[in-house]
Amino acid sequence: MVNGTTPVTIRVLSTTKDENGYQPTTEQKYTGQMLEKNGKYYVMYTDSGEESFAGTKTTIKWDQERVLILRSGALEHRQEFFKDLVDESTYKTPYLEIPLQTKTNYLYTYFRKGVWHIDLDYTLSHDGAVYGDMKILIEIEGVKS
């Protein structure tokens, strides 16, 4: 444990539905740190995936009604989820900036059998055109020592 944090594993399952139907689900796994402060939960990890975005730091902050995902580094993005919220954001890379709109259709956070679950369903749009319906399941589990 570092600075009051607990080591965790993070599993992210992502599915996109576009005009052709649902695409295959992708899965990513990370290790990071979690802490609870004033009734809100925080998970921090560093992306080790795509070479161009490796080293990007991600923070997920949540409570029962709201989820905030912050990315900083090679990729900059702030995305907020709250039932029926339309979040305006800019996805920034070293190469381009993309204005996005995220409409939260469904959000559910719960803790069961030692695992946090963040279940998100949202519609992602770019310049008013729907990119697709997204389903994200984030599972956060403490590392067993």
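This report describes the fold, the largest pocket and a few residues of one protein model.

## Ground rules

The model is predicted, so local features need pLDDT of at least 70 and side-chain atom pairs count only at pLDDT 80 or more, while totals for chains, interfaces and linings use all residues. Residues are numbered from 1 along each chain as its sequence is written, and side-chain values use heavy atoms, with hydrogens and water left out.

## Overall build

The protein has eleven strands and zero helices. Here strands (E, at least two residues) and helices (H or I, at least four) are DSSP runs, numbered from the N terminus. Along the sequence the pattern reads β-β-β-β-β-β-β-β-β-β-β.

The C-alpha trace spans about 45 × 30 × 30 Å along its principal axes. The radius of gyration is 15 Å, which agrees with the value near 15 Å for a compact globule of 145 residues. That radius is taken over C-alpha atoms, and the globule rule is 2.2 Å times the number of residues to the power 0.38.

Of the 145 residues, 38% are buried. Buried means under 20% relative accessible area, exposed means over 50%, and partly exposed lies in between (1.4 Å probe, protein chains only). The accessible surface comes to about 8700 Å². Carbon and sulfur atoms hold 51% of that surface. Such areas come from the Shrake-Rupley method with a 1.4 Å probe, and for residues only the protein chains shown count as cover.

Contact means heavy atoms within 4.5 Å. Among contacts with a separation of 6 or more, 33% join residues 24 or more positions apart.

## The largest pocket

Rolling a probe the size of a water molecule over the atoms shows where empty space is left. On a 1 Å grid over the protein atoms alone, a pocket is an open set of points where a 1.4 Å probe fits, with protein on both sides within 12 Å along at least five of seven lines; lining residues have an atom within 4 Å of a point. Grid points are joined across faces, edges and corners, and a volume is the space filled by probe spheres set on the points.

The largest pocket holds about 1100 Å³ of space. Its lining has 36 residues, and those closest to the centre are Ser14, Gln28, Arg71, Tyr91 and Met134. The lining divides into 19 nonpolar, 13 polar and four charged residues. Ala, Val, Leu, Ile, Met, Phe, Trp, Tyr, Cys and Pro count as nonpolar, Asp, Glu, Lys and Arg as charged, and the others, Gly among them, as polar.

Several strands supply at least two lining residues each, including S1 (6–18), S3 (26–37), S9 (97–112), S10 (115–126) and S11 (129–142).

## Residues in strands

The table sets out five residues that lie in strands.

| Residue | Strand | Relative accessibility |
|---|---|---|
| Thr16 | S1 | 18%, buried |
| Lys17 | S1 | 36%, partly exposed |
| Thr31 | S3 | 59%, exposed |
| Trp116 | S10 | 10%, buried |
| Ser125 | S10 | 12%, buried |

The contacts below leave aside neighbours within four places in sequence.

Thr16 is in contact with Gly21, Tyr22, Gln23, Tyr131, Asp133 and Met134. Lys17 meets Tyr22, Gly132 and Asp133. Lys17 and Gly132 are 115 residues apart along the chain, and their C-alpha atoms are separated by 5.4 Å.

Thr31 touches Val8, Thr9, Ile10 and Tyr45. Its C-alpha atom is separated by 19 Å from that of Leu75, 44 residues apart along the chain.

Trp116 is in contact with Met34, Tyr41, Trp62, Tyr110, Phe111, Ile138, Glu139 and Ile140. Trp116 and Glu141 are 25 residues apart in sequence and 6.5 Å apart in space, C-alpha to C-alpha. Ser125 touches Pro99, Leu100, Gln101, Val130 and Tyr131.

## Two loop residues with positive phi

Most residues other than glycine have a negative phi. Asn38 has a positive phi, near 55°. Asn38 lies in the loop between S3 and S4 (40–46). Asn38 counts as exposed because its relative accessible area is 73%.

Lys113 also has a positive phi, of about 50°, and is not a glycine. Lys113 sits in the loop between S9 and S10. At 79% relative accessibility, Lys113 is exposed.
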